[in-house]
Amino acid sequence: MPWNDEYWDKEEVLPQKELEELQFKRLKSAIRRAYDHVEFYRRRLKEANIDPDDIKKPDDIAKIPFTKREHFAQNYPFGLFAVPKERIVRIHTSSGTSGKPKVVGYTAKDIETWANMVARCLYMVGVRPGDVFQNMSNYAFFTGGLGFHYAAERIGAVTIPAGVGNTERQIQYMVDFGTTAVHATPSYAMHVKEVVEEMGVADKLKLRIGCFGAEPWSENTRKRLEDAFGIKAYDSYGLSEMNGPGVAFECKEQHGLHIWADHYFIEVVDPKTGEPVGEGEKGELVLTALTKEAMPILRYRTGDITIIENEKCACGRTHPRLMRILGRSDDMLIVRGINVFPSQIEHVLMQIPEVGDNFQIVLTRKEELDEITVRVEVRDEIFTGELRDLKELQQKIQRALQRELLLRTNVELVEKGSIERSMGKAKRVIDLRSI
Ligand code: DLL
């Protein structure tokens, strides 16, 4: 596949073999940097009796112990840095375990690499100079603000640091500035959609592209967002520990998210045993950062459950694809012995036209038995209709959930606006079982 103007850089279409060679070369140097400059890694590798020179082929990476979320807490705040503080130019944080946030540092080169990586993603979905890119994402410690901001500017798009909240004003700007591309969490985008409908300005919008991520969302939510805004909605995956957004992103084929193998070494393991799963099997994503100077993280257990697809994509890019992230292994609910991801419930609800754009899951325990109640907002016109219709709708939702989850759920219909709106990542689950 020849390089052409549809690609941001040549690495996107490197022949597979060259890509793998580049990836392995970078892997070896990341392991060496971690060993030489981060006390934590030197100690762990020594304990496991491994020298960086022992890594002679990609599979040898399995000898290296995993890095886990608790290691960020143990090394708080700067213990995982591989460079002196004089070389750090930015810090982001993300909420972590045991009350300590995960701290992520960047050198000037890291910021450059990251901006190029996110620019590659935005360019891939069609953002170009002249586009008006409204970044409806939190700009504080969260990486979704500055991460997208630098990238959109790099492309040369008109970049609006909108942040979250002030939704009506944001929508007015979308109309006035002729915004063509947006980035938001899917749950905030659903709120924006609601307010656009209330303001009656949908036909005044010039949107073409929506980038949504940072939390699980479903195909049916995609359909709702695409229909409401007249856009193509793309899934965007990333995590602070690995820079932030831009780790993986859908191309125009919308069949999985390209995960950038020139910047990450990618593994999928069984979340219980840590052993690699077979090709095409579901498991936990484990990433090694290959190009991060400030923090070369090795074999990081992301907690995210996905499947990797290695077959070449019709878009011409040679990088593997992640299938939509179902959720984190620790977000998985176990209800009466059955595994449920909130994103599965979202998928069922969002295909029922009478259902509004918000829901919440409440877990309780009655006489040793788990109960799951799904509180569902329904459209205004349904609430003003006949009580009989409400009962029918409730049963229809219950049946649809039972078919998908193989689990009996209680369904409670509530009025639009009853469930708190989210500006960032939605809090879908209220677990009252241990109370
Ligand atoms: O959420 C970075 C980001 C910003 C990604 C903007 C995309 C857009 P953290 O706050 O550290 O970083 O949270 C990372 O969020 O491990 C996943 O569990 C979840 N997550 C991120 N993207 C997706 C997605 C940012 N597209 C954690 N689908 C990750 C499902 C996602 N889950």
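**Figure 1. Polar contacts between the ligand and side chains of the predicted model.** In this predicted model, a nitrogen atom of the ligand lies 2.8 Å from an N or O atom in the side chain of Asp235. An oxygen atom of the ligand is found 2.8 Å from a polar side-chain atom of Lys425. For Arg328, the distance between a polar side-chain atom and an oxygen atom of the ligand is 3.1 Å. The ligand taken alone exposes 610 Å², and 93% of that area is buried by the protein.

**Figure 2. The pocket and the elements around the ligand.** The largest pocket holds the ligand. Three elements each give two or more residues to the shell around the ligand: helix α5 (143-155), strand β7 (232-239) and strand β8 (244-250). The greatest contribution comes from β7, which supplies five residues.

**Figure 3. Composition of the shell around the ligand.** The ligand is surrounded by 23 residues. Asp235, Ser236, Ser240, Asp304 and Lys425 are the closest of these. By residue class, the shell comprises eight nonpolar, nine polar and six charged residues. Asp235 and Lys425 also appear in Figure 1, where the side chain of Asp235 is paired with a nitrogen atom of the ligand and that of Lys425 with an oxygen atom of the ligand.

**Figure 4. Surroundings of Asn220 in helix α8.** Asn220 belongs to helix α8, which spans residues 219-229. The relative accessible area of Asn220 is 5%, so this residue is classed as buried, the cut-off for that class being under 20%. The side chain of Asn220 forms a polar contact of 3.3 Å with the side chain of Lys223. A polar atom of the Asn220 side chain also lies 2.6 Å from the backbone oxygen of His347. The view thus brings together two partners of the Asn220 side chain, namely the side chain of Lys223 and the backbone oxygen of His347.

**Figure 5. Glu368 in the loop between β18 and β19.** Glu368 is located in the loop that connects strand β18 (355-366) with strand β19 (369-378). With a relative accessible area of 72%, Glu368 is exposed, because that class requires a value over 50%. Glu368 and Arg433 are 65 residues apart along the chain, and their C-alpha atoms are separated by 9.5 Å.

Conventions: Residues are numbered from 1 along each chain as its sequence is written. This is a predicted model: local features need pLDDT of at least 70, side-chain atom pairs count only at pLDDT 80 or more; totals for chains, interfaces and linings use all residues. Side-chain values use heavy atoms; hydrogens and water are left out. A residue is near a molecule or strand if one of its heavy atoms lies within 4 Å of it. A polar contact is a pair of N or O atoms within 3.5 Å; within protein, one must be able to donate a hydrogen and the other to accept it, and residues adjacent in sequence count only if both atoms are side-chain atoms. Accessible areas come from the Shrake-Rupley method with a 1.4 Å probe; for residues, only the protein chains shown count as cover. On a 1 Å grid over the protein atoms alone, a cavity is a set of points where a 1.4 Å probe fits but cannot get out, and a pocket is an open set with protein on both sides within 12 Å along at least five of seven lines; lining residues have an atom within 4 Å of a point. A molecule sits in a cavity or pocket if more than half of its atoms lie within 2 Å of its grid points. Helices (H or I, at least four residues) and strands (E, at least two) are DSSP runs, numbered from the N terminus. Ala, Val, Leu, Ile, Met, Phe, Trp, Tyr, Cys and Pro count as nonpolar, Asp, Glu, Lys and Arg as charged, and the others, Gly among them, as polar. Buried means under 20% relative accessible area, exposed over 50%, partly exposed in between (1.4 Å probe, protein chains only).
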